[in-house]
Amino acid sequence: MENTTIFGLTVAQFEDVSLKLLLSGLIAYMFFIIWNLAVESKAGKFGTVVMFLVLGLGMFGFMAKTVIAELLGLHLE
């Protein structure tokens, strides 16, 4: 079987790096969307904090899952 490489990485390594980079960018964009939504709706300071807590909780859970799995030595596939 041929060992395919992309930019000097194996396909699995390339997919892992791409996932982490692009997912990080997507999460940053989602935080921008939440901030923009708070500004356009004139939510105020308390409303903005609540929006970030509630809407950002799902993203935090996704990131926490990865960190906890690494700390416990689990390999999520």
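How exposed is phenylalanine 32, in terms of relative accessible area? The value is 43%, which puts phenylalanine 32 in the partly exposed group. That residue is a handy way into this model, which is a predicted one, and the passage comes back to it below.

First, the overall layout. The chain is made up of two helices and two strands, and reading from the N terminus they come in the order β-β-α-α. Strand S1 covers residues 5-6, and strand S2 takes in 9-10. Helix H1 then runs over residues 11-40, and helix H2 spans residues 44-72. As for confidence, the average pLDDT over the chain is 86, and 95% of the residues reach at least 70. Broken down by element, helix H1 comes out highest with a mean of 90, while strand S1 sits lowest with 81.

What about overall shape? The radius of gyration of the chain is 18 Å, whereas a compact globule of 77 residues would come in near 11 Å. Drawn along the principal axes, a box of roughly 60 × 30 × 15 Å holds the C-alpha atoms. Just 13% of the 77 residues count as buried. The accessible surface adds up to about 6600 Å², with carbon and sulfur atoms supplying 72% of that area. Charges are worth a glance too: the chain carries 4 positive and 6 negative ones, and the mean positions of the two sets lie 22 Å apart.

Now to the rings. Four aromatic pairs turn up in the model. One of them joins phenylalanine 31 and phenylalanine 52, whose ring centres are 6.0 Å apart with 20 degrees between the planes, so the pair counts as stacked, the cut-off for that being under 30 degrees. Phenylalanine 31 belongs to helix H1 and phenylalanine 52 to helix H2, so this pair ties together parts of the chain that are 21 residues apart in sequence. Both partners are partly exposed: phenylalanine 31 has a relative accessible area of 31%, and phenylalanine 52 has 26%.

Another pair brings phenylalanine 32 back into view. Its partner is tryptophan 35, at 6.1 Å centre to centre, and with 35 degrees between the planes the arrangement is tilted. Here both residues sit in helix H1, three residues apart, so about one helical turn separates phenylalanine 32 from tryptophan 35. Tryptophan 35 is partly exposed at 44%, and phenylalanine 32, as given at the start, is partly exposed at 43%. Ring pairs also bring in a further residue, as Tyr29, Phe32 and Trp35 are linked into a cluster.

Finally, the loops. Which backbone angle stands out at phenylalanine 7? Phi is near 55 degrees there, a positive value in a residue that is not glycine. Phenylalanine 7 lies in the loop between S1 and strand S2, and its relative accessible area of 75% makes it exposed. Lysine 42 tells a similar story from another loop, namely the one between H1 and H2. Its phi is also positive, near 55 degrees, and lysine 42 is again a residue other than glycine. With 75% relative accessibility, lysine 42 counts as exposed.

Key: Residues are numbered from 1 along each chain as its sequence is written. This is a predicted model: local features need pLDDT of at least 70, side-chain atom pairs count only at pLDDT 80 or more; totals for chains, interfaces and linings use all residues. Side-chain values use heavy atoms; hydrogens and water are left out. pLDDT is the predictor's confidence in each residue, from 0 to 100. Helices (H or I, at least four residues) and strands (E, at least two) are DSSP runs, numbered from the N terminus. Rings of Phe, Tyr and Trp (its six-membered ring) pair if their centres lie within 6.5 Å; planes under 30 degrees apart count as stacked, over 60 as edge-to-face and the rest as tilted. Buried means under 20% relative accessible area, exposed over 50%, partly exposed in between (1.4 Å probe, protein chains only). The radius of gyration is taken over C-alpha atoms; the globule rule is 2.2 Å times the number of residues to the power 0.38. Accessible areas come from the Shrake-Rupley method with a 1.4 Å probe; for residues, only the protein chains shown count as cover. Lys and Arg count as positive and Asp and Glu as negative; His and the chain ends are not counted. The place of a charge is taken as NZ of Lys, CZ of Arg, CG of Asp or CD of Glu.
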